[in-house]
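Thanks for coming, everyone. I have one structure for you this morning, and I'll keep it brisk.

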Amino acid sequence: AEDGIRDYKVTGVQTCALPILGKYQIIPDTMRNIVNSNYDLNEKFTPELQERLYREGLIKNKRPEIYNYLTGKSDNLEAAQKAMANEWAAVGHPDFGGRSRYQGQAGNRASISVDESAKALQKQREVIAKYRAQGMSEADAYNSGMGVALPDNTSATAKPEIGRAHV
């Protein structure tokens with residue numbers, strides 16, 4: 001059974017016994033920072049909640065360089081790549097010759113090259129732009145581009161058949 005967010009002790013001053021949380025390997029300090037009034041602390045730590053924490057907490061709020069690039073508010077691909085590399089040790093950092101920013105710490109090393117992160121970000125941006133071109137709002141295009149199924153009454157007349165690129 002999945003425990004609620006509160007059960008991971010991310011909201012108080014207690015420390016979490018788990019070194020990372022969920023699919024996106026969120027560390028306890030980061031989890032404490034992204035959990036806010038938008039989350040019910042008793043909500044189960046489901047795959048859907050993890051996706052929401054990723055989209056809203058990590059990408060949109062903690063790493064706006066990624067969000068701004070994906071949504072077309074910025075053309076600064078390198079800033080988005082650096083933000084990814086600063087968040088995930090497996091992503092190569094442009095300023096470190098493609099090595100992980102956390103290289104050598106707890107066995108970390110980059111398994112995603114700078115070129116791979118650039119291609120993934122560019123593809124994801126294209127997906128979101130296609131949704132925008134179909135008439136979706138920025139929020140709906142972003143959520144759809146990140147793989148969220150929207151209700152039938154979205155602002156788009158028809159959802160394009162495009163795939164999701166994983167960032």
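**Overall layout**

Read along the sequence, the protein chain runs α-α-α-α-α-α. That comes to 6 helices and 0 strands. Keep in mind that this is a predicted model.

Some totals next. The protein chain has 167 residues, and buried residues make up 39% of them. About 9200 Å² is exposed, and carbon and sulfur atoms supply 46% of that area. Now take the contacts with a separation of 6 or more. Residues 24 or more positions apart account for 45% of those.

**The core**

Which residues touch the most other members of the largest nonpolar core? They are L53, I59, I66, L70, W88, L121 and Y142, out of 30 residues in that core. The helices contribute broadly. α1, which spans 28-34, supplies at least two residues, and so do α2, α3, α4, α5 and α6, each of them. As a general point, nonpolar side chains in soluble globular proteins tend to be buried together.

Hold on to W88 and Y142 from that list. Both come back in a moment.

**Aromatic pairs**

There are 2 aromatic pairs in the structure. Start with Y54 and W88. Their ring centres are 6.1 Å apart, and their planes meet at 50 degrees, so this pair is tilted. Tilted is what remains when the planes are neither under 30 degrees apart nor over 60.

Where do the two partners, Y54 and W88, lie? Y54 is in helix α2, residues 47-62. W88 is in the loop between α4, at 77-87, and α5, at 114-133. The pair therefore ties together parts that are 34 residues apart in sequence. Y54 is buried, at a relative accessible area of 1%. W88 has 14% relative accessibility. Why does W88 count as buried? Because that 14% falls under the 20% cut-off.

Now the other pair, Y67 and Y142. Here the ring centres are 4.8 Å apart and the planes stand at 75 degrees, so the pair is edge-to-face. This pair also links distant parts of the chain. Y67 sits in helix α3, residues 64-70, while Y142 sits in helix α6, residues 138-145. They are 75 residues apart. Y67 is buried, with a relative accessible area of 4%. Y142 counts as buried too, at 3% relative accessibility.

One more ring to look at. The charged end of R125 sits over the ring of Y69, 4.4 Å from the ring centre.

**Helix α6 and what follows**

Stay with α6. Y142 has buried company there: A141, N143, S144 and G145 are buried as well. What covers the buried residues of α6? The cover includes α2, α3 and α5.

Just after α6 comes G147, with a positive phi of about 95 degrees. V148 is also in the segment after α6. V148 is partly exposed, with a relative accessible area of 24%. Leave out residues up to four places away in sequence, and V148 touches R55 and N143. V148 and E48 are 100 residues apart in sequence, yet their C-alpha atoms are 9.3 Å apart in space.

**Two loop residues**

First loop: the one between α3 and α4, where N76 lies. Is N76 buried, exposed or partly exposed? At 39% relative accessibility, N76 counts as partly exposed. Its side chain deserves a look. A polar atom of the N76 side chain lies 2.9 Å from the backbone nitrogen of A79. The backbone nitrogen of E78 lies 3.4 Å from a polar atom of that N76 side chain. N76 and E65 are 11 residues apart in sequence and 7.9 Å apart in space, C-alpha to C-alpha.

Second loop: the one between α4 and α5, where A106 lies. A106 is exposed, with a relative accessible area of 83%. What phi does A106 have? A positive one, about 55 degrees, although A106 is not a glycine. For context, most residues other than glycine have a negative phi.

**Recap**

Six helices in a row, α-α-α-α-α-α. A largest nonpolar core of 30 residues, with at least two residues from each of α1 to α6. Two aromatic pairs: Y54 with W88, tilted, and Y67 with Y142, edge-to-face. Over to you.

Key. Residues numbered from 1 in each chain as written. Predicted model: local features only at pLDDT ≥ 70, side-chain atom pairs only at ≥ 80, totals over all residues. Heavy atoms only, no water. Phe/Tyr/Trp six-rings, centres within 6.5 Å; stacked < 30°, edge-to-face > 60°. Helix = DSSP H or I, 4+ residues; strand = E, 2+ residues; numbered from the N terminus. Buried < 20%, exposed > 50% of the residue type's maximum accessible area, 1.4 Å probe, protein only. Lys NZ or Arg CZ within 6 Å of the ring centre and 35° of its normal. Core = buried A, V, L, I, M, F, W, Y, C linked by side-chain atoms within 4.5 Å. Contact = heavy atoms within 4.5 Å. Polar contact = N/O pair within 3.5 Å; in protein donor to acceptor, adjacent residues only side chain to side chain. Areas by Shrake-Rupley, 256 points an atom, 1.4 Å probe, with all protein chains shown as cover.
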